[in-house]
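The following exercises concern the contacts between a protein and two DNA strands. Each task is followed by a solution in steps.

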Amino acid sequence: MSQHALLSVGAKAWRSIPCLRSELRLDLTLGCGQSFRWRETGEGHWTGVMGGRVWTLTQTEDTLWYHVYSNPGNTALINGQKRKAEVGPQHSEKKLKQVSTVKKEEDELDLDAVSSEQDEKAGTLLRDYFQLDVKLGDLYREWSDADQHFSQTAHIFTGVRMLRQDPVECLFSFICSSNNHISRIQGMVERLCNTLGTPLCKLDDTHYHDFPPLQALADSKVEACLRDLGFGYRARFLQQSAHLIMNSHGPDWLYTLRSAPYLQARDALRTLPGVGLKVADCVCLMSLDKSEAVPVDTHVWQIAKRDYNCAAGHGQKTLTDKLYNEIGDFFRKLWGCYAGWAHSMVPCFSLADGRTAMQRDDSHGPSGYIQAGQLNGS
DNA sequence: GATCGACCTGG
DNA sequence: CAGGTCGAT
């Protein structure tokens, strides 16, 4: 039986990308609620699905190591472009059939020993996913120059980086996030994939599945199915949004929003059921290349008032659309066009002066914004 | 615009 | 109550 790869064991083939820990912290980036698809499967080893493949990632001081597992009876590694086309017409049934008959040769062939062309694609895919061309060190310096509060605490948390996720996965994961907390969202997304996604491979009793394509999510039976899986009222939102995209826009629509201006993309997303300002901003920031999008929740609002003396919404009780936009604008003015990236460190701030914050605040603790253990090793 | 209650489920 | 959204005041 296949097992999760471990760098120290070395039985699996590992490839690497030069990457300083200061430019990427796997634990903070993968485990803080951007993507709900990664699990720590060994010490410092993160396993998840990305680009239609199962990966295990780990890092040393100056190197990012990755192992890509072969999918028994699946097609070659796909890149971002090809995936885009694939989201369209065909669904699992057809895909599975095609897969089992053709591509026999690759079943025998483990990716561990596969062509350098594949290796190159994998590296490219990973660099794209982590957006390694964006130099985090430069951004940190800019934010620190502009923001005294940032400079006080940010240096402790270098390497928190924005992922460039698949828009379909990002959208439907964050529709699940409403009125909900991270651990449950993770479970829901997992059940969603296991039920509607194409199986990829099995590692140590864990079955990994691709994220379901739009077509599968749009099926009218999906709402009932997801309600059974404990999605609650979000079941309808998921199915309806998928259906709306498929029927009114087409399967490529989400991807085309990558080249639309920020506010235009956000408005477009907001026409989908279950997508408000917060979810739309999450999708813009984490999958549509809108680095200026700042998802605002009550926690960010508190930080804005407490740490930044932001006057917006003074004496207001609810987070209205107007106030939401004002707070976003406030941080965009402060941090510039990568404000969304800077915003992802906000949870780290409250953690950094967590002791004082917790004593001063009240006794609610860190409010689940950051999960326990996330700071280990910092 | 701003406020309010409902919406599913589990910790 | 939870990292929200929707529809009705």
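**Exercise 1.** Which helix contributes the largest share of the surface near DNA strand C?

*Solution.* This is a predicted model, in which local features need pLDDT of at least 70 and side-chain atom pairs count only at pLDDT 80 or more, while totals for chains, interfaces and linings use all residues. Residues are numbered from 1 along each chain as written, chains are lettered from A and ligands numbered from 1 in order of writing, and side-chain values use heavy atoms, without hydrogens or water.

Step 1. A residue is near a strand if one of its heavy atoms lies within 4 Å of it; 18 residues surround DNA strand C, with N179, G274, G276, V279 and D297 the closest. Of the atoms of DNA strand C within 4 Å of the protein, 50% belong to sugar and phosphate.

Step 2. The largest share, 3 residues, comes from helix α15 (residues 277-287), a helix being a DSSP run of H or I with at least four residues.

**Exercise 2.** Identify polar contacts (pairs of N or O atoms within 3.5 Å) to each strand.

*Solution.* Step 1. For DNA strand C, a side-chain N or O atom of Y233 lies 3.2 Å from a base nitrogen, and a polar backbone atom of G274 is 3.1 Å from a phosphate oxygen.

Step 2. For DNA strand B, the side chain of R227 places a polar atom 2.7 Å from a phosphate oxygen. The side chain of T320 has an N or O atom 2.7 Å from a phosphate oxygen of DNA strand B, whereas N179 reaches a base nitrogen of that strand at 3.1 Å through a side-chain N or O atom.

Definitions and conventions
Polar contact = N/O pair within 3.5 Å; in protein donor to acceptor, adjacent residues only side chain to side chain. Helix = DSSP H or I, 4+ residues; strand = E, 2+ residues; numbered from the N terminus.
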